[in-house]
Amino acid sequence: MFAVTVNDLTKSYGFVKAVNGLSFTIEEGEVFALLGPNGAGKSTVVEILEGHRTRDTGEVRVLGRDPGTAGQEYRDRIGIVLQEAGIERELTVREALVHYGACYSRRRPVDEVLDLVGLNGLGDRRTHRLSGGQRRRVDLALGLIGDPEVLFLDEPTTGFDPSARRHAWEMIEGLKALGTTILLTSHYMDEVQVLADRVAVLVEGRIVSEGTPAELRGRAESETMIRFRFPEVDPSSGPVVDMLGGLVGRTSLRNGVFEVCTVDPTTDLSLLTGWALERGGQLEGLEVTTPTLEDVYLDLIGDSHGAAGGAGSRDV
Amino acid sequence: MSDRTSPSAVALLFRQVGYQNRLFIRTPIAAMFTLVFPLIFLVLFGAIFEGVDLAPGEEVSPAQFYAPGLAVFAAVSATYTNVGIGVAIYRDEGVLKRIRGTPLPRWIYMGGVVGSGVAIAAGGAVVMLAVGFLVYGIEMDADRILPALVTFVVGVATFSLLGLALAAVAPSGQSAPALANATLLPVAFVSNVFISVRNEPPAWLDLLGDIFPLKAFSDAFFAAFDPFEEASAYKPWLLLWMGVWALAGAMVAVRKFRWEPSTGAGGGGGRRGRR
Ligand SMILES: Nc1ncnc2c1ncn2[C@@H]1O[C@H](COP(=O)(O)OP(=O)(O)OP(=O)(O)O)[C@@H](O)[C@H]1O
Ligand SMILES: [Mg+2]
């Protein structure tokens with residue numbers, strides 16, 4: 001049984017196509033992450049599912065309802081943590097939790113929620129006297145107070161210090177263990193690796209890669225990254241393009257540094273060093289590493305970002 | 001899941017009224033404007049009209065004429081101004097968007113705003129009239145208390161709805177105070193609130209006042225205090241006219257109401273101070 005299904009969803013703001021034919025499903029009890037750069041469309045997707053925004057076309061179901069038309073009874077069963085939302089500065093943390101909690105038909109005890117998000121001891125403080133990260137925890141707490149079946153978390157850990165982030169991860173894992181379905185957005189590969197059952201990488205409103213974190217990690221582990229500079233060489237000249245084209249791996253150019261992502265580092269290294277020796281040149285700053293998750297992510301979203309110097313990050 | 005039974009609408013409504021009252025009480029500047037400002041006017045008017053005989057040959061305190069008007073002004077500040085500004089600011093801060101994501105029915109949120117406006121207005125008016133009775137010697141026949149109450153409830157409900165409409169049309173929380181004052185103050189001067197234009201006003205001033213609901217409110221309310229009023233203190237036509245405005249306000253509020261901040265999708269300047 002799917003808790004969330006999205007089929008061929010599109011949404012434009014004027015000329016900006018924020019979501020461009022998106023499809024995915026989330027099973028009950030699953031933690032699903034949308035990963036992507038700024039402006040990729042993550043919040044747009046999440047807020048359509050929450051019922052905050054309208055969609056242009058496509059089919060959307062959450063808990064069997066269409067969020068675009070569902071009412072009070074639907075919002076009773078979901079929890080929302082918006083990327084940005086205000087809190088009444090006049091209220092204390094506890095008052096806010098009690099007040100918002102009262103709107104739900106089922107709610108978690110306030111002290112339990114304070115404890116879950118790490119706000120014990122701050123319950124009686126006015127919200128405007130909290131730090132940014134503490135206020136973010138109030139957002140989380142308000143998302144949890146109604147004991148939701150589906151929880152939407154739009155960049156929940158932004159602004160958290162490293163220990164608060166770990167703490168939030170534990171909390172999310174705890175909720176998962178209780179069977180809560182969670183849709184999470186994030187910019188952080190490590191976060192998604194820890195938390196998500198499945199990840200979709202979103203770029204310009206489209207999914208460019210989808211799978212389990214292990215599958216993404218698999219890519220990372222099976223490939224090797226070779227980095228070097230050719231200081232005196234024009235990267236777009238014929239011989240260079242020919243040589244790079246002959247490599248097994250994919251080459252990209254970032255800030256004047258060539259990066260070769262390859263499954264066969266022995267062959268590619270030998271080709272490169274041979275080529276350089278023939279010309280009496282040097283592969284400056286030569287570096288052979290296993291790509292980090294961050295590298296995999298950057299490679300996935302790479303075409304439109306990060307790649308400087310004119311060369312695309314796929315095959316040159 | 002079957003173990004979900006929604007909280008009752010009445011309980012939620014009461015809770016919302018209490019919540020709005022709490023927000024108001026904890027916003028000292030709003031409380032100051034709505035409750036203290038009109039009182040200052042009362043004291044100033046008391047000094048200005050000291051010894052002036054507004055009703056020659058009768059034993060009537062001058063406050064008899066301006067205290068009810070100022071009570072109406074306090075009530076309208078508590079509803080129209082306060083609701084209009086408060087709701088627009090909470091919208092800009094992203095609080096309304098958060099509320100929209102909860103199962104709270106929207107009409108209960110609005111009901112809470114209106115209910116709290118009525119309660120605060122009642123508080124403000126009671127303070128004004130109490131000072132009027134105790135310090136400035138105004139009087140009222142017991143059989144006119146009910147007409148005064150009826151008029152008051154119709155009036156503040158009307159101006160709460162107009163406040164919601166104001167919030168709905170205000171482009172942002174920052175522009176709401178200017179919009180509120182620019183619409184309220186000029187109208188107040190032709191509506192027998194600060195100064196009475198009862199004695200031979202130019203026809204156009206009279207007409208201008210007649211159009212807006214504030215004069216209907218203050219005239220109907222004053223009828224319960226008017227020492228020369230022979231007829232009933234109920235003014236059904238004036239109440240009806242307020243009702244028309246209330247309906248118009250409700251329609252604008254419902255049609256134009258926005259829950260999202262006017263700038264961007266999030267709570268942009270979310271943590272700004274109020275007012
Ligand atoms: N209310 C809006 N009006 C116009 N354009 C919008 C609006 N909201 C978002 N957009 C545009 O739609 C695109 C997707 O925005 P969205 O907020 O969904 O991205 P995001 O993936 O959540 O980004 P971020 O990581 O920065 O939060 C962006 O190009 C953005 O400029
Ligand atoms: Mg976003």
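A salt bridge here is a side-chain nitrogen of Lys or Arg within 4 Å of a carboxyl oxygen of Asp or Glu, and in this predicted model the count between chain A and chain B is 4 salt bridges. To see one of them, select A:Glu95 and B:Arg22, whose side chains meet at 3.6 Å, N to O.

Next, widen the selection to the whole interface, where 35 residues of chain A are in contact with 37 residues of chain B. About 3400 Å² is buried between chain A and chain B, and carbon and sulfur atoms give 50% of that area. Across this interface, 14 residue pairs are in polar contact, with both residues at pLDDT 80 or more.

Now show chain A alone and colour α2 (72-75), α3 (93-101) and α5 (132-144), the elements that give two or more residues to the side touching chain B; of these, α3(A) gives the most, with 4 residues. Colouring that side of chain A by residue class should show 12 nonpolar, 7 polar and 16 charged residues.

From the interface, turn to the largest nonpolar core, which has 122 residues, and select A:Leu97, B:Val87, B:Ile99, B:Tyr109, B:Leu164, B:Leu214 and B:Phe217, the members that touch the most others. Helix α3 of chain B, residues 63-92, gives the most to this core, with 19 residues.

Centre the view on B:Tyr109: leaving aside residues up to four places away in sequence, B:Tyr109 touches B:Gln16, B:Gln20, B:Val87, B:Leu96, B:Ile99, B:Leu104 and B:Trp259. As a last stop, select A:Ala18, A:Leu22, A:Tyr74 and A:Ala200, which are among the 30 residues of another core, lying apart from the largest one.

Terms used
Residues numbered from 1 in each chain as written. Chains lettered and ligands numbered in written order. Predicted model: local features only at pLDDT ≥ 70, side-chain atom pairs only at ≥ 80, totals over all residues. Heavy atoms only, no water. Contact = heavy atoms within 4.5 Å. Buried area = accessible area lost by both parts, 1.4 Å probe. Polar contact = N/O pair within 3.5 Å; in protein donor to acceptor, adjacent residues only side chain to side chain. Nonpolar A, V, L, I, M, F, W, Y, C, P; charged D, E, K, R; others polar. Core = buried A, V, L, I, M, F, W, Y, C linked by side-chain atoms within 4.5 Å. Buried < 20%, exposed > 50% of the residue type's maximum accessible area, 1.4 Å probe, protein only.
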